[in-house]
Amino acid sequence: MKDILGAMKEEELYLKQDEAVYGSLRSRLEKYGYDNLDDYFEDKQAYRLKQIDFEIFYDEPTDGVDKRVWQAIRDKRNCIWLPKLEKVLACVGKHEFDYDLAAKLGVGVLNMPHAGGTIITGPDDLTVGIHFVADRDLEFNYFFKRMAKYLKQFNIYPLGNDFMYDGKKVMGCSFNQTEHGMSTFFFSCTFTDHLDLIKKLCSKKSEKTPGFIPSNVLTKQQLLAEVLSWVNTQQHSGQ
């Protein structure tokens, strides 16, 4: 049986002692149920994540991330942004985008710091931003790996920074670290067909064909419940 608390204390001792005398970390963790360091560090990240309180913001998106979210980032407060969308929203990255046409089509625009292209999302899709204080034990790629592990059961697999279902892109992810010492894992998962809208608004053709996850495979509510189960969300704001 695995003992994560005992293993973490053993790692602290290991970092203070001479490996040549006291043995490698892997050998020392075996008595706590860990014969694989990858499994240990994954469990350690999961444990530490559960010890952190996250505020949740359900606000409407404004120009960029909501002002209260930006303030939380500046204050180095861990938070999760779950924007409430009343209409389709274009999360614009670095690629060229037709703002005038978006206005004519009634599509909202959110300028984002990610380096990729535009992400189209709507009320029936799931968009989440997880903002947390960066440290060596908790990195944003942890969330991506955990997402991949969960989605595998639904035959949804990673390709680059995206996730694919039936050969089509159904989730876009981005990673960012701010000057305030905060890391961000942002993703948008599509549960509705936006292909026609994407063809109209996005001038640069995507290398991956846009798609969506059918409700008989996975629902928005299921995915949201899974993501929120990873963290401690006792604090709630902006509901």
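User: In this predicted model, what is the strand order of the open sheet of 3 strands?

Analyst: One reads a sheet by following which strand pairs with which. In this predicted model, the order is β4-β3-β5, and the pairing is mixed. The edge strands are β4 (108-111) and β5 (119-121), each of which pairs on one side only. On average, neighbouring strands of this sheet are turned by 25 degrees against each other, direction ignored.

User: In which sense do β3 and β4 pair, and over how many bridges?

Analyst: Strand β3, residues 89-92, pairs with β4 in the parallel sense, over 4 bridges. Within this pair of strands, Val 92 stands opposite Asn 111 in β4.

User: How should one describe the packing of helix α1 and helix α4?

Analyst: Two packed helices are described by the angle between their axes and by the distance between the axes. Here, helix α1 (residues 4-16) and helix α4 (residues 37-50) pack at an angle of about 105 degrees, and their axes are 10 Å apart. Angles of 65 to 115 degrees count as roughly perpendicular, and α1 and α4 are therefore roughly perpendicular to each other.

User: Which residues of α1 and α4 meet?

Analyst: From α1, the residues are Ile 4, Leu 5, Ala 7, Met 8 and Glu 11; they meet Tyr 40, Phe 41, Asp 43, Lys 44, Tyr 47 and Arg 48 in α4. By class, the residues of this contact divide into 7 nonpolar, no polar and 4 charged.

User: How many residues does the largest nonpolar core have, and which have the most contacts inside it?

Analyst: In soluble globular proteins, nonpolar side chains tend to be buried together. In this model the largest nonpolar core has 35 residues, and those with the most contacts inside it are Met 147, Leu 151, Phe 187, Leu 218 and Leu 223. Two or more residues each come from β6 (126-133), α7 (140-151), β9 (168-177), β10 (182-189) and α9 (220-229). Helix α7 gives the largest share, 7 residues.

User: Which residues does Met 147 touch?

Analyst: Leaving aside residues up to four places away in sequence, Met 147 touches Phe 163, Met 171, Phe 185, Phe 187, Leu 223, Val 227 and Trp 230. A second, separate core has 13 residues, including Val 69, Ile 73, Leu 85 and Leu 89.

User: Where is Ser 229 placed, and what is its relative accessible area?

Analyst: Ser 229 lies in helix α9. Its relative accessible area is 34%; since buried means under 20% and exposed over 50%, Ser 229 is partly exposed. Its C-alpha atom is separated by 8.9 Å from that of Lys 50, although the two residues are 179 residues apart along the chain.

Methods:
Residues numbered from 1 in each chain as written. Predicted model: local features only at pLDDT ≥ 70, side-chain atom pairs only at ≥ 80, totals over all residues. Heavy atoms only, no water. Core = buried A, V, L, I, M, F, W, Y, C linked by side-chain atoms within 4.5 Å. Buried < 20%, exposed > 50% of the residue type's maximum accessible area, 1.4 Å probe, protein only. Contact = heavy atoms within 4.5 Å. Pairing = 2+ DSSP bridges. Axes fitted to C-alpha atoms, helices over the stretch in contact; angles between N-to-C directions. Parallel < 35°, antiparallel > 145°, perpendicular 65-115°, else oblique. Nonpolar A, V, L, I, M, F, W, Y, C, P; charged D, E, K, R; others polar.
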